[in-house]
Amino acid sequence: MATENGDAWSGRELPAIVDASPVPTMVHDAETGAILDVNPACEDLFGYDAEVLCELDVSEFSPSVPEAAARAGDAIERAAATGAYDFDWEVTKADGTRATVHVELRDHTDANAPRVVAYVTDVTEHRKRERALRELPGVAADLMDAETREEIASVTTEAADATIDFSFAGVRLLTDGRLEMASMTADAEAFLADQVPSPEVGEGFVGEAFASGEPQIIDDVSTALDDRDTGPVNSALCIPLGSHGVLTVGGSTVGQFGDSDVAFVKLLTRLTEAALDQVDREDRLQERTDRLETLLNNAPLMFYELDTEGTIVESRGRGLNRIGLDPGEAVGNSIFEMYADVPAVQRIAEMALDGERVSEVVSAGGQWFDNTFQPVFDDAGDVERVVGVAFDVTEQKRVEQQFARLSESAITLSESDGESDAIERAVDVAEHVLGEGVVAYWTAADDPERLTATTISDSASVMAEGSESLTHEPGDPVWNAFEAGETVIVNDFDAEDIDSTAALRSVILAPVGEHGLLTVGRTDLDAFDEENRYLLALLSGLLRTSLDRHQYERALQESKRELERSNESLQQFAYIASHDLQEPLRMVSSYVSLLDDEYGDDLDGEAEQYMEYATDGAARMQQMIDGLLQYSRVHTQGEEFTAVDAEAVFEETLRSLELLVDDADARVDCGPLPSVSADRSQLGQLFQNLVKNAVHHAGEAPSVDVSAERVDAPDRDGTVDGGGPAETGEKWVRFTVADDGPGIPESQHDRIFEIFKRNSSRSDSTGIGLAMCQRIVDRHRGDIWVESEPDEGAAFHFTMPAAESDDTGSDR
Amino acid sequence: MTETNQGEPVEILLAEDNPGDVTLTKKALEQGNIINNLHVVNDGVEAMRFLRQEDEYEEKSRPDLVLLDLNMPKMDGREVLESIKTDDDLKRIPIVVMTSSEAEEDIVQSYDRHANAYLTKPIDYDGFLDIVRSIEEFWLTVVKMPPE
């Protein structure tokens, strides 16, 4: 280093003690500014030997400082004048790197020479940090402004690059389980080329730092990385970015990073992390918004937003294409104009605009829509807009209507006139409920060997033209379905090898109980679904019920007709008996009398006897005919049933039998008898016949006992018509007429109630009395029977409906 | 018993297909006190021809009383009754239905067709005589008929 006066290196100026100081120290000539001496620390700082350094001009190692020599001279002058002067200075070291140094000049002028000593401190990093800290708010703002993770990563690497002396800085972000480099400094790009490792979580020191969440300082990268070539990077600092990634900083020297580096970098990573968090949140929000948007646009719904005038301000949803609109297409139109011909939509829109939430299913253009209009209110409580959602419920509606039609068909079927009418109606319903299809009803009723189509829909008759016969034999699938009794779908009917209805490819086979089978067919494959099957199964169930009912009714009708016929025959017979049988009888008795009158004197005793027999026979015949007449008239000429006091009736009967009872020296006792619902005169006849019967058969001085008891059912075994106990709650009375006669053998117990079965040899018995009783009891729906053991007397029981407590008369 | 006012025989038409009953009726009337001319026809068609004085009955006078059996061949008593009672010329002739039927419907139907009396033929001969005598007494002496 040459001085202005060209003085050579004059030797050491600094005391030895300064040589040992770690503070770089330099001695200047206070007048010339020349460097007179430097200590070893100064040599280290500048990278020059003391000899070299002392030969240099200030401007030579401060090329970046304008007019360095002049400014340096000024500073030294000021220090010499005032004793001390401090300032920052920039130097360029021997290796060409620049450093910021803080220079403290102190005047050391003594009597010998004007001297200024410079104490130099390298503040490069310090100043850099200071600058970085000053810039941090700006970095933070940049981070917050960044919109993507990548942008954030790049802001962070830039900021790191500007503040730390290193050879490398990079931000890795977690992507699909790997820490992938999102941004790195240009230096790093240069040495890593395209071989940027993307460690997994926990892999290597980068992965470890991320997994642990703690900063990692790697003093010697080559050791940590198993001597892998790490280029200019020798040490590293890894600071996790929360859950997002890792910031890696590489230093050129081993053990370069200390706690202060960690502290500073942490500041940066916190900001980065916060920025990434925010972006994530925004991403999620956006994602949600996007999803909602997607949903709205693709949902099979229609969304409307109406302003207060009913103008559509927004329309979305794929459902719009159901009415031939694209999303947004309807915007700007008034809903009232769009639906001018659908008053229901206008009405509910109006209601919603008035502040009411409305939900209604509306039919428009052959389709059904479930509309919900929801008013949205502003802070003042006024309707601000109306949000509407509509979805197509045509399908549901269709199913609903099918079921409605089915329930109508249940009514239709219940109104059917007969079996064939019911079947026709069911075929008709099946055709309508399933939309289209060829419907047929098959039955084996007439020919048990095969199912024959008896009723077919119009479409079926068109298809059936030319078919040889419409039958299914045992063993074919239709027959099998009929036998199995389950409604089944055959969706590949053709494959089942049925030739009679070959054109049909899909069928539903719905057995109708034992009656037959309902089939619906279509010409396309897989035409039916479970719903169709269900509908037809329901229909066939309804038809079955209807057919059962008709069958039952027909059987009932037949037995009723049978009964009427037999009653008619009986009536006929009764007439014959009353007229035609009497005629010859009268001839016999009249002419026997006439014979007696006119020729009686000429006849002997024996002839008289014969004539008496003839007269007697005719008389008995007359009685039998009378009895038969009465018997036949029990049903046709009976009175209405009324509440009858059985005890009063019995007493009347007994009075009419007074003569008979007295003659037989009989005793008749009667317990209390309740009221019954009966034909009064027929009840009297019952008592009369039974008491007469008892007196006649009970031998000498018979004793007859009449009693009654309330029971729950009319039949002798306590049931109604052989079934369970009475369910109607109807009460009955069981009467008993018991005698102490010889009794009746059990073999006769049923026989005695048959007409003309006489049980006594007495000539005045016609064999009609007990049959008459049976017939009267039958008319009252009761039962009559006898209990008797030989020599133990006989007890005749019969039941009659009890009179209802306050029943004064009714026509049962 | 008294005779009729004019001393003229009473004209009686018996419509009856049963010869037994014809004989019984004849015998009963013979034993009665009223002079009568009994005309007998055996079916409804004959009865109507007699009443309308057709062909061989042209000379016959109109009967004062008709005894009508219900069950006859060709045209039964019910139809005869209806024809008489709807015929302005004949409807005033008293008709006594005599039959063996006790059937209620026969009785009702007969009165519905304006029969003047309905009697059931008794089973025994004495009863039959009583009935015929009662008819004589009531219809031929007690009852006043409009002049011809």
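**Exercise 1. Give the strand order of the sheet that contains E23(A), and find its edges.**

Solution. The model is predicted: local features need pLDDT of at least 70, side-chain atom pairs count only at pLDDT 80 or more, and totals for chains, interfaces and linings use all residues. Residues are numbered from 1 along each chain as its sequence is written, chains are lettered from A and ligands numbered from 1 in the order in which they are written, and side-chain values use heavy atoms, with hydrogens and water left out.

Step 1. Fix the terms. Helices (H or I, at least four residues) and strands (E, at least two) are DSSP runs, numbered from the N terminus. Two strands pair if DSSP finds at least two bridges between them.

Step 2. Read the order. The sheet is open, has five strands and runs E23-E25-E26-E28-E27 (chain A). Its pairing is mixed.

Step 3. Find the edges. Strand E23 (667–670) and strand E27 (784–788) of chain A each have a single partner strand, so one side of each is left without a neighbour in the sheet.

Step 4. Add the twist. Neighbouring strands of this sheet are turned by 20° against each other on average, direction ignored. Axes are lines fitted to C-alpha atoms, for helices over the stretch in contact, and angles run from 0 to 180 degrees between N-to-C directions.

Step 5. Check one pair. E23(A) and strand E25 (703–711) of chain A are parallel, with four bridges. A:Asp669 has A:Asp705 in E25(A) as its bridge partner.

**Exercise 2. Place helix H23 of chain A against the sheet and against H24(A).**

Solution. Step 1. Start with the sheet. H23(A) lies across E23, E25, strand E26 (732–739) and strand E28 (794–801) of chain A. Its direction is at about 175° to E28(A).

Step 2. Turn to the helix pair. H23 (680–697) and H24 (769–779) of chain A pack at about 145°, with axes 9 Å apart. The crossing is left-handed, that is, the near helix is turned anticlockwise from the far one by less than a right angle (right-handed if clockwise).

Step 3. List the contacts (heavy atoms within 4.5 Å). From H23(A) come A:Gln682, A:Gln685, A:Leu686, A:Asn689, A:Leu690 and A:Asn693. They meet residues of H24(A), including A:Leu770, A:Met772, A:Ile776 and A:Arg779.

Step 4. Sort them. The contact has seven nonpolar, five polar and one charged residue. Here Ala, Val, Leu, Ile, Met, Phe, Trp, Tyr, Cys and Pro count as nonpolar, Asp, Glu, Lys and Arg as charged, and the others, Gly among them, as polar.

**Exercise 3. Describe the sheet with the order E2-E1-E5-E4-E3 (chain A) and the helices across it.**

Solution. Step 1. This open sheet has five strands and antiparallel pairing. Strands E2 (35–38) and E3 (84–92) of chain A are the edges, each pairing on one side only. Neighbouring strands are turned by 25° on average, direction ignored.

Step 2. Strands E4 (98–107) and E5 (115–122) of chain A share seven bridges. One partner of this kind for A:Leu105 is A:Ala118 in E5(A).

Step 3. Helix H5 (68–82) of chain A lies across strand E1 (25–29), E3, E4 and E5, at about 160° to E3(A). Helix H6 (124–145) of chain A lies across E3, E4 and E5, at about 110° to E4(A).

**Exercise 4. Find the two largest cavities and say what lines them.**

Solution. Step 1. Define the search. On a 1 Å grid over the protein atoms alone, a cavity is a set of points where a 1.4 Å probe fits but cannot get out; lining residues have an atom within 4 Å of a point. Grid points are joined across faces, edges and corners, and a volume is the space filled by probe spheres set on the points.

Step 2. Count. The whole structure has four cavities of 30 Å³ or more.

Step 3. Take the largest, about 150 Å³. Of its 16 lining residues, A:Met26, A:His28, A:Phe87, A:Trp89 and A:Val103 lie nearest its centre. E1, helix H4 (58–61), H5, E3, E4 and E5 of chain A each give two or more residues. The lining has 15 nonpolar residues, one polar and no charged.

Step 4. Take the second largest, about 80 Å³. Its lining includes A:Met302, A:Tyr304, A:Phe369, A:Asn371 and A:Phe373. Strands E11 (301–306), E13 (358–364) and E14 (367–377) of chain A each supply at least two residues. E14(A) gives the most, with three. The lining divides into 11 nonpolar, one polar and no charged.

**Exercise 5. Trace the pairing of E15(A) with E11(A) and E14(A).**

Solution. Step 1. E11(A) and strand E15 (383–392) of chain A run antiparallel, joined by six bridges. A:Leu301 has A:Phe391 as bridge partner.

Step 2. E14(A) and E15(A) are antiparallel over nine bridges. A:Val376 stands opposite A:Arg385.

Step 3. Five residues lie between the strands of this hairpin, where A:Gly381 takes a positive phi near 90°.

Note on methods:
On a 1 Å grid over the protein atoms alone, a cavity is a set of points where a 1.4 Å probe fits but cannot get out, and a pocket is an open set with protein on both sides within 12 Å along at least five of seven lines; lining residues have an atom within 4 Å of a point.
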